[in-house]
Amino acid sequence: YIRSNNVPAYFHTLVGVTLFKCGNQFDSVDPLYSALMFNAAKHMGKAIIIDPNNDNLHFNLYYLNKTTRYTNEALKNLNTAIAINGEQPEYYMCRAEIYFDKKSWKNAEHDFTKVISSGRLATYLIYLKRAIARHHLKDYKGACNDYRIAYDNCIDEEKEIIEGWVNEYCR
């Protein structure tokens, strides 16, 4: 996750990632966890100030904010990363997950579609989550198509669950 041609930005990112990894060794209620994560965010923010057009730096800060449950800040970081480089399906996947968790079905469906269209990360879980989003949007035909694709590509342990949804919703 460390990519920058700017040496000071690289340094701050390296320090931020190191502090983040150290912080993950502690329970989130531990004061040391908070201190390490705060300083990790501070260094990652400095890297962004130095190299603001580096989408990867914004993605690093997204990951830290997501991990520390600052979902709105994480979403802002992803939006910035996508504005800089809209060709990364990973960014859309992460943003789709946030939208999905927030029950922002239209946004989730849009971003899952971008991921699927990229051809790089189209796993059965993405089709399944897009099916759920489409179901909430009352796009039953699209949802059923996605449920079937998810079923055809899922692991055996999941087949029974997805088959139940297909049978219930896609008659």
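Q: What is the handedness of the link between Cys 144 and Cys 170?
A: In this predicted model, a search of the whole structure finds one disulfide, and Cys 144 and Cys 170 form a disulfide with their sulfur atoms 2.2 Å apart. The rotation about the S-S bond is -100 degrees, and with that value the link of Cys 144 and Cys 170 is left-handed.

Q: How many residues apart in sequence are the parts that the pair of Cys 144 and Cys 170 ties together?
A: The disulfide is formed by Cys 144 and Cys 170. Because Cys 144 lies in helix H8 (residues 140–153) while Cys 170 lies in the segment after helix H9 (156–169), the pair ties together parts whose separation in sequence is 26 residues.

Q: Is Cys 170 buried or exposed?
A: The partner, Cys 144, has a relative accessible area of 9% and is buried. For Cys 170 the relative accessibility is 9%, and since the limit for a buried residue is under 20%, Cys 170 counts as buried.

Q: Which cysteine holds the sulfur closest to that of Cys 154, and why is there no bond?
A: Cys 154 is itself buried, with a relative accessible area of 8%. A disulfide requires sulfur atoms within 2.5 Å, whereas the sulfur of Cys 154 is 14 Å from the closest cysteine sulfur, which is too far for a bond; that closest sulfur belongs to Cys 170.

Q: Which helix supplies the largest share of the largest nonpolar core?
A: This core has 35 residues, of which Tyr 62, Leu 78, Phe 112, Tyr 147 and Ile 162 touch the most other members. Helices H3 (55–67), H4 (71–84), H5 (89–101), H6 (105–118), H7 (124–136), H8 and H9 each supply at least two residues of the core. The largest share, eight residues, comes from H5.

Q: How many residues does the second, separate core have?
A: In soluble globular proteins, nonpolar side chains tend to be buried together. Beside the largest nonpolar core of 35 residues, there is a second, separate core that includes Val 17, Met 37, Ala 47 and Leu 64, and its number of residues is twelve.

Q: Which cysteine is in contact with Leu 78, leaving aside neighbours within four places in sequence?
A: Leu 78 is among the residues that touch the most other members of the largest nonpolar core. With neighbours within four places in sequence left aside, Leu 78 is in contact with Phe 59, Tyr 62, Tyr 91, Arg 95 and Ile 98, and also with Cys 94. The relative accessible area of that cysteine is 16%, and the buried residue in question is Cys 94.

Q: Is H4 roughly parallel or roughly antiparallel to H5?
A: Two packed helices are described by the angle between their axes and the distance between the axes. The axes of H4 and H5 come within 10 Å and cross at roughly 150 degrees. Angles over 145 degrees count as roughly antiparallel, so H4 is, relative to H5, roughly antiparallel.

Q: What is the handedness of the crossing of H4 and H5?
A: On the H4 side, the residues that meet H5 are Thr 71, Ala 74, Leu 75, Leu 78, Asn 79, Ala 81 and Ile 82, and they meet Tyr 91, Tyr 92, Cys 94, Arg 95, Ile 98 and Tyr 99. The crossing of H4 and H5 is left-handed.

Q: What is the value of phi, in degrees, for Lys 138?
A: Lys 138 is found in the loop between H7 and H8, and at 59% relative accessibility Lys 138 counts as exposed. Arg 69, in the loop between H3 and H4, is also exposed, with a relative accessible area of 66%, and Arg 69 has a positive phi near 70 degrees although Arg 69 is not glycine. Lys 138 is not a glycine either, and its phi is positive, at about 65 degrees.

Q: How far apart in space are Arg 120 and Glu 90, C-alpha to C-alpha?
A: Arg 120 is found in the loop between H6 and H7. Not counting residues up to four places away in sequence, Arg 120 touches Glu 87, Gln 88, Pro 89, Glu 90 and Val 115. Arg 120 and Glu 90 are 30 residues apart in sequence, and their C-alpha to C-alpha separation is 8.9 Å.

Terms used:
Residues numbered from 1 in each chain as written. Predicted model: local features only at pLDDT ≥ 70, side-chain atom pairs only at ≥ 80, totals over all residues. Heavy atoms only, no water. Helix = DSSP H or I, 4+ residues; strand = E, 2+ residues; numbered from the N terminus. Buried < 20%, exposed > 50% of the residue type's maximum accessible area, 1.4 Å probe, protein only. Core = buried A, V, L, I, M, F, W, Y, C linked by side-chain atoms within 4.5 Å. Contact = heavy atoms within 4.5 Å. Axes fitted to C-alpha atoms, helices over the stretch in contact; angles between N-to-C directions. Parallel < 35°, antiparallel > 145°, perpendicular 65-115°, else oblique. Left-handed = near helix turned anticlockwise from the far one by under 90°.
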